Every structure is written in C-alpha cells, then in structure tokens.
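Biologist: Walk me through the labels on this one, please. I want to hear how each is earned.

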Amino acid sequence: MEVNSIENGIVIDHIKAGQGLKILSHLGIDTRTDTVALIMNATSSKLGRKDIIKLENLLDVDITALGLLDCGATVSYIEKGKLVRKVKLALPDRAVDVIRCKNPRCVTSAEPGLEHVFLLVDPQTQEYRCEYCDEIVKI
Ligand SMILES: [Zn+2]
C-alpha cells in the first residue's frame, strides 16, 4: 500500500503492528477535520509487520506519553517536504493520566477527578510508581 508522502506534518513509524489505533486515539486527533492516515500491517524489514501514522499539517502534537504505548516507534517532523527532526520514542519520566492506579486504597480511586500521576522507577524493568500511594506498575 502506498500513501503519498506529506509536505508538512508528522509521521509516526515503526509502530508495533496493532498499536496504531491505540496511539491514534491517545493523540486525541479529530478525525472529522484532521487529515490522518493510519496504515496497518505494513511490511517492515525490521519488525515483520508494523503500523504507520501520518498526520498532515499537524506539528504541535504532544508525544510525551506515546513512549508508554510503544517505545520502539519513531516520530519524524516534516516541513515543506523535508525531514527536520526525528525522535525515537522513550519511556517518559512522568506519565499523567496514561497509567491508571489500581490500588483500591489509593486517593485516585476515591477522587475520580484526580490526575493519575506515575513516575518512572526503572527504564530497564519498565516500572512506574504511583505518586500518591507508591503502587508499582509494570508496563
Ligand atoms: Zn495510587
């Protein structure tokens, strides 16, 4: 499948096959107005199968939390048809409202409006700690 390359925007590549939809919904893209291409199960020499997302005319997208969904993906910023920046996703040090605390005694369980804040404990073991109750969650 071929999709025309974009002039201005973001390409998220090397997404693990099947993760593309999750990433897209996390980005909060408005599919009624934004130009978005989601390519699922593209062939990849590295991964076998991968997903690719192309966002046209969108450069101001918060990608901090995406590392939690797929820390192997790459994000390319394209302006006027040229690649201006390429970022490899990594686990963020601080994740807000991405991981939910499952500890029933945690304050976030009692107060639904509260943000779920998790801090990276160890990038090797991919463990996060709840800022409120110290509950450890493995990604
Ligand atoms: Zn907690």
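Modeller: Start with pairing. Two strands pair if DSSP finds at least two bridges between them. One such bridge puts Val96 opposite Val117 in strand 7. Keep in mind that this is a predicted model.

Biologist: How do you know that strand 6 and strand 7 pair?

Modeller: Count the bridges. Three bridges join strand 6 to strand 7. The rule asks for at least two, so strand 6 and strand 7 count as paired. The two strands run antiparallel. Ala95 also takes part, with Phe118 in strand 7 as its bridge partner.

Biologist: What makes strand 7 and strand 8 a pair?

Modeller: Four bridges, again in the antiparallel sense. At least two are needed, so strand 7 and strand 8 pass as well. Phe118 appears here too: in strand 8 its bridge partner is Cys130.

Biologist: Which strands form the open sheet, and in what order?

Modeller: Four strands, in the order 6-7-8-9, with antiparallel pairing. From one strand to the next, the twist averages 35°.

Biologist: Why are strand 6 and strand 9 called edge strands?

Modeller: Strand 6 (94–96) and strand 9 (136–138) each pair on one side only.

Biologist: Now the metal. Which residues coordinate the zinc ion?

Modeller: Cys101, Cys106, Cys130 and Cys133, each through its SG atom. The distances are 2.2 to 2.3 Å. A donor must lie within 2.8 Å of the metal, so these four SG atoms qualify.

Biologist: Why is the site of the zinc ion called tetrahedral?

Modeller: Look at the angles among its four donor atoms: 104 to 115°. The label asks for all angles between 85 and 135 degrees. The values fit, therefore the site is tetrahedral. Along the sequence, the donor residues follow the spacing C-x4-C-x23-C-x2-C.

Biologist: What does the pair Cys101 and Cys133 tie together?

Modeller: Parts that are 32 residues apart in sequence. Cys101 lies in the loop between strand 6 and helix 3 (107–110). Cys133 lies in the loop between strand 8 and strand 9.

Biologist: Is Cys101 buried or exposed?

Modeller: Buried. Its relative accessibility is 8%, and the cut-off for buried is under 20%. Cys133 is partly exposed, because its relative accessible area of 25% falls between the limits of 20% and 50%.

Biologist: And how do you know that Lys54 is buried?

Modeller: Use the cut-off again. Lys54 has a relative accessible area of 14%, under 20%, so it is buried. Lys54 lies in strand 3 (residues 48–56). Its C-alpha is 5.0 Å from that of Ala37, although 17 residues separate them in sequence.

Biologist: What makes Asp13 count as buried?

Modeller: A relative accessibility of 18%, which is under 20%, so the label holds. Asp13 is found in strand 1 (residues 9–16). From Asp13 to Val137 the C-alpha distance is 27 Å, with their places 124 residues apart in sequence. For the whole chain, buried residues make up 40% of the 139 residues.

Biologist: What is notable about the phi of Asn41?

Modeller: First, the background. Most residues other than glycine have a negative phi. Asn41 has a positive phi, near 55°. Asn41 sits in strand 2 (residues 35–44). With a relative accessible area of 41%, between 20% and 50%, Asn41 is partly exposed.

Biologist: Where does Gln126 lie?

Modeller: In the loop between strand 7 (117–122) and strand 8 (127–130). That hairpin has four residues between the strands, and Gln126 takes a positive phi near 60° there. Gln126 is partly exposed, because 26% lies between 20% and 50%.

Biologist: How do you know that the charged end of Arg85 sits over the ring of Tyr77?

Modeller: The charged end of Arg85 is 4.4 Å from the centre of that ring. The rule sets a limit of 6 Å, so the distance passes. The rule also asks for a position within 35 degrees of the ring normal.

Biologist: How many aromatic pairs does the count come to?

Modeller: Zero. Ring centres must lie within 6.5 Å to pair.

Biologist: Last one. How many helices and strands has the chain?

Modeller: Three helices and nine strands. From the N terminus on, they run β-α-β-β-α-β-β-β-α-β-β-β. The C-alpha atoms fill a box of roughly 50 × 35 × 25 Å along the principal axes.

Note on methods. Residues numbered from 1 in each chain as written. Predicted model: local features only at pLDDT ≥ 70, side-chain atom pairs only at ≥ 80, totals over all residues. Heavy atoms only, no water. Phe/Tyr/Trp six-rings, centres within 6.5 Å; stacked < 30°, edge-to-face > 60°. Buried < 20%, exposed > 50% of the residue type's maximum accessible area, 1.4 Å probe, protein only. Axes fitted to C-alpha atoms, helices over the stretch in contact; angles between N-to-C directions. Donors = N, O, S within 2.8 Å, 3.2 Å for Na, K, Ca; no water. Tetrahedral: all angles 85-135°; square planar, octahedral: opposite > 155°, others 65-115°.
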